[in-house]
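I opened the notebook to look up helix packing, strand pairing and a couple of odd backbone angles. Here is what I noted, entry by entry.

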Amino acid sequence: MNLTDRVAVITGVGGGIGAALAHRFAAEGAAAVVVADLDADAARADAADVGPVAHAAGLDVTVEEQVRALVTDTERRYGHIDLFCANAGVATAAGLDAADADWDRAWRVNVLAHVHSARAVLPGMLARGQGYLLHTCSAAGLLTAVGDAPYTATKHAAVGLAEWLAVTYRDQGIRVSALCPQGVDTPMLAEGLATGHLGARVIAASGAVLHPDRVADAVIAGLAEERFLILPHPEVAQHALRRAEDPDGWQAGLRKLVRRLRA
Ligand SMILES: NC(=O)c1ccc[n+]([C@@H]2O[C@H](COP(=O)([O-])OP(=O)(O)OC[C@H]3O[C@@H](n4cnc5c(N)ncnc54)[C@H](O)[C@@H]3O)[C@@H](O)[C@H]2O)c1
């Protein structure tokens, strides 16, 4: 898929990756880019920045009725949706001690919201015999986010759901990609680095912390090839391979890095 004349929806545009995607989609010639966020002011600011092809919406992705309303409104306004990017996500920076409310929020934003948006958008896409779902997961969904148990568990679930959608709907014209970056320079990671959180330090020590525009580059290339796994950090594929081939050896390597950072 290329973005020329496409209608795209992106959730979580108040942060770095969603905003970068919105700008890039507009630059690639999208007909419309609907930008939605819990922070409606941030969505409006992003839309104003992107220009006239953008339309802003306030949206809590954990409320299914709101997701349905966004999809219905976009279809009414622009006729159909070519690409739905379920990008909103939350980290908790906590381990087993994370409060149940934080586990619940991570589950609702990082996984259940992807179910809600797929449910809402697939009927229209299936009727047209085409459509694309881009789910922002994380390298944490293929590996482990040190210091964040809810993020690790829910991002693994998000990759599993994306894979299930790809296998189930590909032969009906639906493409699915799971975007799995490692460190990206956005408020999510910046907060962790500012507080010296171990997880953020592990990410920074594990490879390049990319500008969100580089993630957008990888998305454009991945969509063009209609590739399931989009890996802005190519080394993540090597880590995932090593983890699959030798789980104990891979875990030992990660523990060694954690010990070094703690020392
Ligand atoms: N930054 C990284 O290093 C990194 C790495 C891998 C994956 N990711 C993933 O990329 C995605 C985008 O993250 P980012 O780095 O731009 O983070 P960010 O925190 O800067 O942005 C996330 C956005 O999601 C929005 N959001 C949160 N809960 C919401 C809800 N209930 N409804 C609607 N919007 C909501 C926030 O308001 C925010 O604007 C997330 O899914 C994140 O998990 C980030």
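Helix 9 and helix 10 come out as oblique to each other, because angles under 35 degrees count as roughly parallel, over 145 as roughly antiparallel, 65 to 115 as roughly perpendicular and the rest as oblique. I looked up the numbers: helix 9 (residues 235-245) and helix 10 (residues 247-262) pack at about 125°, and their axes are 5 Å apart. Axes here are lines fitted to C-alpha atoms, for helices over the stretch in contact, with angles running from 0 to 180 degrees between N-to-C directions.

Ground rules, before I go on. This is a predicted model, where local features need pLDDT of at least 70 and side-chain atom pairs count only at 80 or more, while totals for chains, interfaces and linings use all residues. Residues are numbered from 1 along each chain as its sequence is written, and side-chain values use heavy atoms, leaving out hydrogens and water. Helices (H or I, at least four residues) and strands (E, at least two) are DSSP runs numbered from the N terminus.

Back to the helix pair. On the helix 9 side I listed His239, Arg242, Arg243, Ala244 and Glu245, and these touch Pro247, Gly249 and Trp250 of helix 10 (contact means heavy atoms within 4.5 Å). By class, that contact has 3 nonpolar, 2 polar and 3 charged residues (Ala, Val, Leu, Ile, Met, Phe, Trp, Tyr, Cys and Pro count as nonpolar, Asp, Glu, Lys and Arg as charged, the others, Gly among them, as polar).

Next entry: strand 4. Leu83 and Cys85 point one way, Phe84 and Ala86 the other, and all are buried (under 20% relative accessible area; exposed is over 50%, partly exposed in between, with a 1.4 Å probe and protein chains only). Strand 4 runs parallel to strand 1, with 3 bridges (pairing takes at least two DSSP bridges), and Cys85 is the bridge partner of Ile10. Strand 4 also runs parallel to strand 5 (residues 131-136), joined by 4 bridges, and Ala86 stands opposite His135 there. The chain gets from strand 4 to strand 5 through helix 4 in a right-handed β-α-β crossover (with the strands pointing away from the viewer, the path from the first strand over the helix to the second runs clockwise).

Last, the odd angles. Asp5 has a positive phi of about 65° without being a glycine; it lies in the segment before strand 1 and counts as exposed at 58% relative accessibility. Ala93 has phi near 60°, lies in the loop between strand 4 and helix 4, and counts as partly exposed at 44%.
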